[in-house]
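Work through the exercises below with the sequence and the model open. Each one sets a task and then gives a solution in steps.

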Amino acid sequence: MFDREIRLVPAVPKSEIRLDVAFCYPGPYEIGMAGLGMQLVWWLFEQHEHVSVRRCFSDIDQHPATGQSDCYGFTLSWELDFPTVLTMLERYGIEPLSRDRGEDSPIVFGGGPVLSANPEPYASIFDVVLLGDAEATVPAFIEAAIETEGLERSERLKRFAAISGLYVPSCYKVEYQESGPVVSIEPIEGMGAPKYIARQAFKPSSDYIASTCILSPDTTWGATYLMEVVRSCPQECRFCLASYLTRPFRFASVDTIIDAALKAAAHTDKIGLLGPSITEHPEFEVIADRLAKVDNLRVNIASVRADTLTDSLAANIARLGQKSVTIALESGSQRLRDIMKKNLTEAQIENAIDAIAGGGLSGVKFYGIAGLPFEEQGDLDDTVALLSRLKKSHAGLKFVFGLSSFVPKAQTPFQRNGRDRGCKKKMEFLRKNLAPRGIDVRTESHNWSDIQALLSRGDRRLTEILTGIGEGAQSLGSWKRALKSRPDGVPSLDYFVFENYPEEQVLPWEHLVSPDKSGYLDSHLKNARALATE
């Protein structure tokens with residue numbers, strides 16, 4: 001696979017190599033190289049003259065047959081990828097837990113959205129966690145790793161802990177109520193760690209864009225050139241991690257996007273535009289129009305906001321070779337959309353579907369969520385009514401309804417809300433009432449969402465379960481057995497997954513969020529609760 005790649009970034013002359021890094025994706029090559037995260041971090045290491053970096057995947061790697069690198073890094077974008085992290089550490093002869101690593105052991109670091117939001121279930125595995133944008137944290141990590149070369153391991157970790165955006169879990173002491181909530185999280189005296197770790201945000205120049213560095217035909221999307229058109233989201237949907245974790249909202253300039261696309265066109269005819277909501281770009285209509293004028297170029301757009309779709313934009317999207325668009329609807333209930341601060345009216349949704357049909361597109365995929373906080377049966381009825389009415393008036397469009405269940409995410413306003421025990425029945429209600437109307441309903445696993453929530457809101461007491469479950473993590477039965485026989489003092493699945501946490505309760509990730517931000521998130525929850533009781 002490596003020999004079929006096309007390198008799109010310049011070769012970097014290397015002088016004395018002072019840091020050897022194995023950067024790992026806990027999954028197969030075809031998935032890891034299909035995303036920007038792996039490539040972006042690789043390039044941040046690769047462009048440093050004193051760093052040698054190798055890419056490693058679960059099925060193939062550039063790691064030498066013998067010896068170890070100085071550092072092993074992992075990017076974690078999905079909670080259930082963690083077993084592969086342990087498998088890869090074992091492959092490279094590294095102890096799974098930080099406390100068991102000796103003076104000569106490599107530094108194990110991690111990053112990505114899962115670890116940035118709540119690294120605590122994995123805190124005992126990683127020596128260092130990078131919090132924030134890679135462009136801000138990776139250079140700081142490189143300099144610290146080089147400057148502390150030759151120091152004792154404990155001293156190196158202390159130095160890392162003093163740097164903004166670098167979180168060293170072993171520098172913090174956590175106290176718990178027996179089988180209950182966290183009581184306190186404090187830096188250990190003498191370790192030099194701050195009380196709160198500030199997430200680092202990257203301030204790009206006007207000509208910067210995160211994009212594909214290595215083009216490969218062996219990825220999930222084939223030889224597609226990816227560009228991050230926008231980062232974060234200016235909306236404040238109260239369940240959404242992208243709205244709160246990756247702020248501020250930033251976007252690449254029109255000329256930068258077009259220039260990158262034209263250069264990529266020399267190697268591929270497939271372009272992918274990435275971002276939580278692509279059409280939030282203030283000049284997206286201009287971008288779509290200019291890209292549509294490039295000969296033999298097919299452009300895939302990740303998702304759009306319904307209130308940004310116009311007839312001309314839909315027509316340009318069709319000209320770019322796309323047959324359908326994806327809209328995050330979440331719920332057909334105006335009441336529930338207002339509670340979650342979706343900022344989307346029924347009229348805007350209807351206008352968007354009219355534009356999709358009028359623009360020559362053949363289908364639309366809606367994202368929906370069942371079991372959102374404060375959801376009632378009437379909200380489900382409204383979803384059925386809205387989608388049924390839209391399908392009836394646009395019979396020629398293919399409707400797909402991708403349905404998941406609410407999973408609370410750390411560092412969002414709904415972080416204190418547990419999952420709805422009845423959402424499995426709610427998902428089935430929606431499927432049974434929408435499928436007969438010609439809508440293709442595709443549901444995610446409700447039971448696996450329970451495990452996702454466990455890891456999303458978990459704390460360090462899960463360490464023994466995570467390291468013990470191993471390859472059994474792919475089996476729901478293994479999870480149930482592991483949780484049933486959990487060690488003393490570890491709360492139940494119900495506590496992590498279904499309980500609503502009161503405002504005064506300390507959250508496991510409290511030390512990763514400033515008091516101002518914590519108050520801001522809780523104020524959002526209060527506002528949502530007030531709307532729900534009107």
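**Exercise 1.** Is S179 buried, partly exposed or exposed, judged by its relative accessible area?

Solution. The model is predicted, and the values below are computed from it. Step one: find the residue, which sits in the loop between β8 (172-176) and β9 (182-187). Step two: take its relative accessible area, 37%. Step three: apply the cut-offs, where buried means under 20% and exposed means over 50%. S179 is therefore partly exposed. Step four: check the backbone. Phi of S179 is near 55 degrees, a positive value in a residue other than glycine. Most residues other than glycine have a negative phi.

**Exercise 2.** Describe the place, backbone and exposure of K341.

Solution. Step one: K341 belongs to the loop between α11 (334-339) and α12 (346-358). Step two: its phi is positive, about 60 degrees, although K341 is not a glycine. Step three: with a relative accessible area of 24%, K341 is partly exposed.

**Exercise 3.** Which peptide bond is the one from R247 to P248, cis or trans?

Solution. Step one: locate P248 in the loop between α7 (241-244) and β13 (250-251). Step two: read omega for the bond from R247 to P248, which is near 5 degrees. That bond is cis. Most peptide bonds are trans.

**Exercise 4.** Assess the overall form of the protein chain from its radius of gyration.

Solution. Step one: note the secondary structure, 19 helices and 19 strands. Step two: compare the radius of gyration, 24 Å, with the 24 Å that the globule rule gives for 534 residues; the values are close, so the chain is as compact as a globular protein of that length. Step three: add the box filled by the C-alpha atoms, roughly 70 × 60 × 40 Å along the principal axes. Step four: look at contacts between residues at least 6 apart in sequence, of which 76% join residues at least 24 apart.

**Exercise 5.** How many residues of helix α2 are buried, and where does F45 fit in?

Solution. Step one: α2 covers residues 36-46, and 10 of its 11 residues are buried. Step two: the buried ones include W42, W43 and F45. Step three: place F45 in the largest nonpolar core, which has 92 residues; F45 is among those with the most contacts inside it, along with Y122, V128, F141, F160 and W479. Step four: list what F45 touches beyond four places in sequence, namely K14, V21, V51, V53, F109, V138, F141 and I142. Another core lies apart from this one and has 58 residues, among them I209, V254, I353 and L387. In soluble globular proteins, nonpolar side chains tend to be buried together.

**Exercise 6.** Set E152 beside D269 and state the exposure of each.

Solution. Step one: E152 lies in the loop between α5 (134-147) and α6 (153-161), and D269 in the loop between α8 (254-264) and β14 (270-274). Step two: E152 has 54% relative accessibility and counts as exposed, whereas D269 has 32% and counts as partly exposed. Step three: consider distances. E152 and E103 are 49 residues apart along the chain, with 6.6 Å between their C-alpha atoms. D269 and R419 are 150 residues apart in sequence and 43 Å apart, C-alpha to C-alpha. Step four: leaving out residues up to four places away in sequence, D269 touches N296, L297 and R298.

How values were computed: Residues are numbered from 1 along each chain as its sequence is written. This is a predicted model: local features need pLDDT of at least 70, side-chain atom pairs count only at pLDDT 80 or more; totals for chains, interfaces and linings use all residues. Side-chain values use heavy atoms; hydrogens and water are left out. Helices (H or I, at least four residues) and strands (E, at least two) are DSSP runs, numbered from the N terminus. The radius of gyration is taken over C-alpha atoms; the globule rule is 2.2 Å times the number of residues to the power 0.38. Contact means heavy atoms within 4.5 Å. A nonpolar core is a set of buried Ala, Val, Leu, Ile, Met, Phe, Trp, Tyr and Cys residues joined through side-chain atoms within 4.5 Å. Buried means under 20% relative accessible area, exposed over 50%, partly exposed in between (1.4 Å probe, protein chains only).
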